[in-house]
Amino acid sequence: MSTGTALAVDPHVVTCTLAPRYEAVRTARDFARTALHRWGLGELFDDVALVASELVTNALRHAIGARPGAVDDYDFPMQAAADGRLPIRISLVHRSPQVVCAVSDPSNIGPVAREADFVAESGRGLHLVDSFSHSWGWHPLGGGKVVWALFEAEPEQRPAPVPEIGGRHRRSA
């Protein structure tokens, strides 16, 4: 398993250190499932899991220097950082009515959404993060950055939408 340590000082703030290897993406999803179910927010799992998967994958590919090898194969560094810490962490914070999913990594370079290329095999991750979260962003840290995505934990109280004829549709709630 690629989990280092799961921390839970505040029951509404949980953090898991991830090892820099393929299994980290699955571990991040499992960690999100456990936390969301403990908070009674299992209905958010699909969206949070997709976003967590994308953010952890980006950290593996871009932040810790994963290098493409053979097709669908990446040469992930297997050693801990020089200070002994594993380089990627996922945190979930629940402050009703919102949940934040944050992934920190050792790179100081912020994420940049590429122009959508629907025939490319990669490059759509941040577009998915944008589509499945309420908002997202990133902040520099002392030795890296954190990329976060915000989710609404409870549906907003709004009047029923008036159906549109034609036009664009955006997922609500």
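**View 1. Helix α1 in a predicted model, residues 23–38.** Helix α1 has 16 residues, which at 1.5 Å a residue should span 22 Å. Its end C-alpha atoms lie 23 Å apart, so the expected and modelled spans agree. Just after α1 comes Gly-40, with a positive phi of about 75 degrees.

**View 2. The buried side of α1.** Buried residues of this helix include Ala-24, Val-25, Thr-27 and Ala-28. Phe-31, Ala-32, Ala-35 and Leu-36 are also buried. These buried residues cover an arc of only 160 degrees around the axis, which means that they sit on the same side of α1. An α-helix has 3.6 residues a turn, so residues three or four places apart point the same way.

**View 3. Strand β8, residues 144–152.** Eight of the nine residues of β8 are buried, so the strand is largely enclosed by the rest of the structure. Strand β6, residues 98–105, pairs with β8 in the antiparallel sense. Eight bridges link β6 and β8. Val-100 stands opposite Leu-150 of β8.

**View 4. The hairpin of β7 and β8.** Strand β7 covers residues 135–141 and runs antiparallel to β8. Seven bridges join β7 and β8. Leu-141 has Gly-144 in β8 as its bridge partner. Two residues lie between the two strands of this hairpin.

**View 5. The whole protein.** Three helices and eight strands make up its elements. Along the sequence they follow the pattern β-β-α-α-β-β-β-β-α-β-β. Of the 173 residues, 36% are buried. The protein exposes about 10,700 Å², and carbon and sulfur atoms supply 55% of that area.

Note on methods. Residues numbered from 1 in each chain as written. Predicted model: local features only at pLDDT ≥ 70, side-chain atom pairs only at ≥ 80, totals over all residues. Heavy atoms only, no water. Helix = DSSP H or I, 4+ residues; strand = E, 2+ residues; numbered from the N terminus. Buried < 20%, exposed > 50% of the residue type's maximum accessible area, 1.4 Å probe, protein only. Areas by Shrake-Rupley, 256 points an atom, 1.4 Å probe, with all protein chains shown as cover. Expected span 1.5 Å × (residues − 1). Arc of directions from axis to C-beta. Pairing = 2+ DSSP bridges.
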